[in-house]
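Visitor: I should like to learn how to read a protein model. Could you guide me through some of its features?

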Amino acid sequence: MQLDELILQKQALLQSKQPVRARNAAEKMGISEAQYVALSLGDSVKMLDMTRLEELFNQLEALGELMALTRNNEVVIERKGIYQKPQVHEGAILLVNNDINLRLKVSEWALGFAVEEKGRHSLQFFDKQGIAAHKIYATELTRPRLFNELVVQFCLTDAMPRLLDPATCETPNLSESTKVDSTQVDSQTFQQAWRNLHDAHRVNALLNEFGLTRLQAYSLLSKEDAQKLGENALKSLFTQAAEGAIPLMIFVSNRCATQIFTGHVHKLLETGPWFNVLDPGFDLHMSLAGINQAWWVKKHLKPTDSDQTAQATYSVEFFNQQGEVVMFIYLKPEAKKETTLSQKWQELVLSLV
């Protein structure tokens, strides 16, 4: 399809009575979301200079409150707050704050745009496949003049719609579900290695060592360390956490960004195929159809100087139909020191089977 035809098709979608979201519209048109956004270059969209990302992120704090959005196909997480104190580490930008808590693998980012949609302003970043990595939205508390000045400072004035060439989007890597046959792995050896792990950050390294996906690994563990959960696990977990005032730590990831929320959840609402948390400053949207399965997982940790009781931690992990993990949920770390909350979390997790 020619560029002019695509532009007309996008305009028709935008003017329809029920406008389609960019991600869905792009899929309908057979192009990536980045290509869909780029159809409006020179109009409501400006291209950002991706060679200056570190400088751009260092200036976000001055804009005041912003809304951070990270998503995969199955889960969308949105959090309002201030982009404070970005840290740069070997192709990654980290923000470790109470509200805006992000791990951004910017080495995998390829395109960035400043977008205006019916008066709503945002900065949108996409990976090498044209898939949304992370989006930053202005809120009613954002300083509009500074936001506009930032866009002017970091936009490229000579960007052209040639980015719509399909060749500009790379073929994505194979899903991690295409690894080795787990029957080739001795289950007892892996179970012992898991129990000797002692560091939750080394899980990926252990899986790579054995050539396993997470789902393959969990199926090899004993029922004392991992169990597949029932179909209602998602709704049951959030309902019990809200009713029991159990503070959570929620991780939502895609291939090049992770966003983390820590705190209580309150207002829950099921709307069609989505189960939602709709709290002040925090929204979480989870696809009941897209999330294929869930597991609780126990990780054995060594006691630390600051916490002699931290000998095990329980997580609940959700996967899509491709076997990719789309959301992790833990008890809020500080709550582990409170025996009552720690016990309530463990009982909640074990009840989900």
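Guide: The following turns discuss strands, one residue and a pocket in this predicted model.

Visitor: In which sense do strands β2 and β3 pair, and over how many bridges?

Guide: Two strands count as paired if at least two bridges are found between them. Here, β2 (residues 64-71) and β3 pair in the antiparallel sense over six bridges. One bridge joins L69 to E78 in β3. The two strands form a hairpin, with three residues between them.

Visitor: Which residue in β16 is the bridge partner of I77?

Guide: That partner is L284. Strand β16 (residues 282-287) pairs with β3 in the antiparallel sense, over five bridges.

Visitor: Is strand β3 mostly covered or mostly uncovered?

Guide: Strand β3 (residues 75-81) is mostly covered, as six of its seven residues are buried.

Visitor: Why is T313 classed as it is, buried or exposed?

Guide: A residue is called buried when its relative accessible area is under 20%. T313 has a value of 5%, so T313 is buried. This residue lies in strand β18 (residues 312-320).

Visitor: Which side chain makes a polar contact with the side chain of T313?

Guide: The side chain of K336 does, at 3.2 Å. Beyond its neighbours within four places in sequence, T313 is in contact with residues including V297, L301 and Y330.

Visitor: What is the volume of the second largest pocket?

Guide: Its volume is about 1200 Å³. Of the 40 residues lining this pocket, R21, A22, E117, R120 and Y137 are the closest to its centre. By class, the lining has 17 nonpolar, seven polar and 16 charged residues.

Key:
Residues numbered from 1 in each chain as written. Predicted model: local features only at pLDDT ≥ 70, side-chain atom pairs only at ≥ 80, totals over all residues. Heavy atoms only, no water. 1 Å grid on protein atoms, 1.4 Å probe; cavity = no way out; pocket = protein on both sides within 12 Å on 5 of 7 lines; lining within 4 Å. Points joined across faces, edges and corners; volume = space filled by probe spheres on them. Nonpolar A, V, L, I, M, F, W, Y, C, P; charged D, E, K, R; others polar. Buried < 20%, exposed > 50% of the residue type's maximum accessible area, 1.4 Å probe, protein only. Helix = DSSP H or I, 4+ residues; strand = E, 2+ residues; numbered from the N terminus. Polar contact = N/O pair within 3.5 Å; in protein donor to acceptor, adjacent residues only side chain to side chain. Contact = heavy atoms within 4.5 Å.
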